Amino acid sequence: VQTCALPILDDSQDGDTISLLRNYTTVPSTQSVTVPNGKSIIFDLMNYSIAQNNTELLINNGTLTIQSTGGNGMIDTNQDNMFINNGTLNIENGTYKTGKTKKILINAENATVNINDGLITGDSEMIINNGTINMTGGKLSRYTNSKSFSFMNNSTGTFVVTGGEIYNAGQPATIINEGNLEISDVKADLARYESCQYCFGWTSHFIENKTGGYARITGGTYGETKNEGILLTNYGTAEVYNITDKFSSSLNYGVLSISNDNLLNSIGNYENGVINVTGDINAIGSDYLLSLYDTSTTNIISGTVKSENNSPIYVNENATLNIGTPGGIPSISNPVVQGKNYAVYVVTNTNGKVYFYDGVIIGETAPVSGVITNYEPGYKEDRNSATDPDSGNTDPDSGDANENQEPIIDDNEIGEAEM
């Protein structure tokens with residue numbers, strides 16, 4: 001174990017633990033401390049602080065573990081980037097703080113960072129990732145609104161989050177993803193940053209998934225989302241499953257798959273976006289679960305889409321809604337679309353299209369407000385005599401239905417869809 005001023009890291013030996021014994025301020029210079037390739041070093045802040053005034057504080061080409069016995073050590077910079085990682089960097093605890101436009105971490109392609117605990121906080125652009133970052137604990141927190149991102153995951157980057165906390169002060173996004181993003185557990189707050197003096201009600205986006213990016217969210221809690229917080233703005237490919245806490249508003253322009261989610265606010269599908277619903281989604285706060293616009297396509301493939309407040313699906317402006325899947329033997333029980341007033345609300349004079357292939361549509365006022373579009377050319381099934389492949393039952397209304405009427409409501413439903 002050695003005690004040091006910071007430059008001793010340059011001369012450390014493989015396996016050394018270097019401990020800081022006083023607060024330390026680096027002098028303004030272009031010199032950096034480097035951990036060479038092939039060396040494994042532990043750097044212990046020992047509850048002391050480093051004030052960085054030089055250019056890149058630490059360049060890691062080997063294996064560097066940063067910790068603070070007692071947990072309260074800190075590195076603070078307003079001068080330049082804090083860590084350049086070309087090897088393996090392990091952050092065990094401590095606080096790492098940066099000022100405006102300065103980056104705490106730049107992770108190179110083929111390099112790895114493991115964030116196990118500690119606080120990483122700054123004004124903006126805290127982390128740039130080109131390699132692999134694994135977050136199992138700790139906290140990432142941007143404390144002011146600077147109209148910039150907190151975490152940039154570039155096209156070669158992989159960011160895997162299995163624990164910890166991530167907070168954002170405002171727009172445009174906490175995480176901008178062009179690579180691979182996987183979140184299975186995290187605590188995040190998507191609500192507007194109330195104490196930000198200059199935020200002016202700007203919206204907080206948790207993730208902006210760019211064209212070519214892949215994002216998979218399979219768990220986590222996402223705060224109160226009491227203002228305009230947005231969980232996901234998607235231009236690439238994204239999957240959001242099993243968000244049973246509160247799934248906030250999202251905007252889709254790419255391909256989005258959702259299943260087993262509770263939605264606090266609606267998901268908007270725009271332009272040429274595609275949404276695939278493959279499991280239950282429920283509204284716990286919004287009038288609409290799915291708001292469909294432009295030339296978007298939404299496919300309700302299986303599961304129950306339900307709102308106890310209003311209509312779960314709103315179809316507008318040349319959007320297309322497919323309930324079920326064309327071809328084969330039609331199911332008479334799956335999927336289910338159910339709403340308080342209407343199950344599907346088709347705005348008149350907007351050329352919105354609804355194709356009904358499988359399942360049940362339920363509304364207390366009527367199943368559909370508007371018109372269900374007939375089958376696509378070449379597709380015609382006699383649902384009146386169909387046997388449900390899920391239950392083996394035959395449609396309960398088959399004996400009473402007219403030849404050209406779709407039996408889309410069961411014995412307990414009120415109203416009929418206009419065909």
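Visitor: Is N318 buried or exposed?
Guide: N318 is partly exposed, with a relative accessible area of 38%; buried means under 20%, exposed over 50%, and partly exposed in between, for a 1.4 Å probe and protein chains only. This is a predicted model, in which local features need pLDDT of at least 70, side-chain atom pairs count only at pLDDT 80 or more, and totals for chains, interfaces and linings use all residues. Residues are numbered from 1 along each chain as its sequence is written, and side-chain values use heavy atoms, with hydrogens and water left out.

Visitor: Where does N318 lie, and what is its phi?
Guide: N318 lies in the loop between β38 and β39, strands being DSSP runs of E with at least two residues, numbered from the N terminus. Its phi is near 70°, a positive value in a residue other than glycine.

Visitor: What about the phi of E317?
Guide: E317 has a positive phi of about 45° although it is not a glycine. E317 is placed in the loop between β38 (313-315) and β39.

Visitor: Changing topic, how many aromatic pairs are there?
Guide: A search of the whole structure finds 9; rings of Phe, Tyr and Trp (its six-membered ring) pair if their centres lie within 6.5 Å, and planes under 30 degrees apart count as stacked, over 60 as edge-to-face and the rest as tilted. One of them is the stacked pair of F151 and F159, at 3.9 Å centre to centre and 15° between the planes.

Visitor: Are those two phenylalanines, F151 and F159, buried or exposed?
Guide: Both F151 and F159 are buried.

Conventions
Helix = DSSP H or I, 4+ residues; strand = E, 2+ residues; numbered from the N terminus.
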